[in-house]
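Q: Could you take me through the nonpolar interior of this protein, slowly and step by step? I would like to see how single residues fit into the picture.

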Amino acid sequence: MIGRIVRSADFERVLGRPSRVRSSHFAVHHLSASPSLPAKVLSTAAGKLSTGNAQEAHSPVDEALPDGQWLGVIVPKRHARRSVTRSLLKRQIRAAFADQPLLPPGLWVVRLRTPFDRKQFPSAASDALRAAAHAELAQLLNRLLPRNTPAQP
């Protein structure tokens, strides 16, 4: 299963690196690291409470992050004006990464770098746009796979 990058600090870390591969519409960035841990939340467990003895504070389960793939998706509004189009492209990106379990672990960010031509794809969520995005993402991810590993069908 692929996790999602949600913290802006993680996006900045990955986007600070040059892109690994590019196509006419997408760029893929990679960083061999795990997501950063959330900041510690201050607790009243250390202070005196008027309600009696404080319970022992346990560390949150989320602090032990497993190694794996973490995906962040950037589809700016300036390149895809309609929310339907942005949602379609995000779903296509996540589906393409779910189909490629052989990619190395780490933080991955896929960003839309140029818009799709609105004259060629007039509908916001057409099957033609879906197919074009899927084909371009599959081609990008195949270039990311190690050379000695065959691509999955």
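A: This is a predicted model, and a good place to enter it is L89, which, leaving aside its neighbours within four places in sequence, is in contact with F26, V75, A80, L112, F116 and A133. L89 also belongs to the largest nonpolar core, a group of 25 residues in which L89, F26, I93, F97, V110 and F116 are the residues with the most contacts inside the core. Several elements give two or more residues to this core, namely the strands β3 (26-31), β4 (69-74) and β5 (106-112) together with the helices α2 (83-98) and α3. Of these, α3 provides the largest share, with 6 residues.

A second core, separate from this one, has 7 residues, and F11, V14, W70 and V109 are among them. Within this second group, V14 deserves a closer look. V14 sits in helix α1, which covers residues 8-15, and because its relative accessibility is 0%, under the 20% limit, V14 counts as buried. If neighbours within four places in sequence are set aside, the contacts of V14 are H29, H30, L31, L107 and V109. One of these partners, H30, is 16 residues away from V14 along the chain, yet the C-alpha atoms of V14 and H30 are separated by 6.1 Å.

Next comes a residue with a polar side chain contact, S126, which is found in the loop between β5 and α3. With a relative accessibility of 15%, S126 also counts as buried. The side chain of S126 reaches the backbone nitrogen of L129 at a distance of 3.2 Å, and, when residues up to four places away in sequence are not counted, S126 touches L88 and F121.

Finally, one can follow the chain to the other end of α3, where L145 lies in the segment after that helix, whose residues are 127-144. L145 has a relative accessible area of 5%, and therefore it is buried. L145 and Q100 are 45 residues apart along the chain, while their C-alpha atoms are separated by 8.6 Å.

To bring the steps together, L89 is one of the residues with the most contacts inside the largest core, V14 is part of the second, separate core, S126 makes its side-chain contact with the backbone nitrogen of L129, and L145 is buried in the segment after α3.

Terms used: Residues numbered from 1 in each chain as written. Predicted model: local features only at pLDDT ≥ 70, side-chain atom pairs only at ≥ 80, totals over all residues. Heavy atoms only, no water. Helix = DSSP H or I, 4+ residues; strand = E, 2+ residues; numbered from the N terminus. Buried < 20%, exposed > 50% of the residue type's maximum accessible area, 1.4 Å probe, protein only. Contact = heavy atoms within 4.5 Å. Core = buried A, V, L, I, M, F, W, Y, C linked by side-chain atoms within 4.5 Å. Polar contact = N/O pair within 3.5 Å; in protein donor to acceptor, adjacent residues only side chain to side chain.
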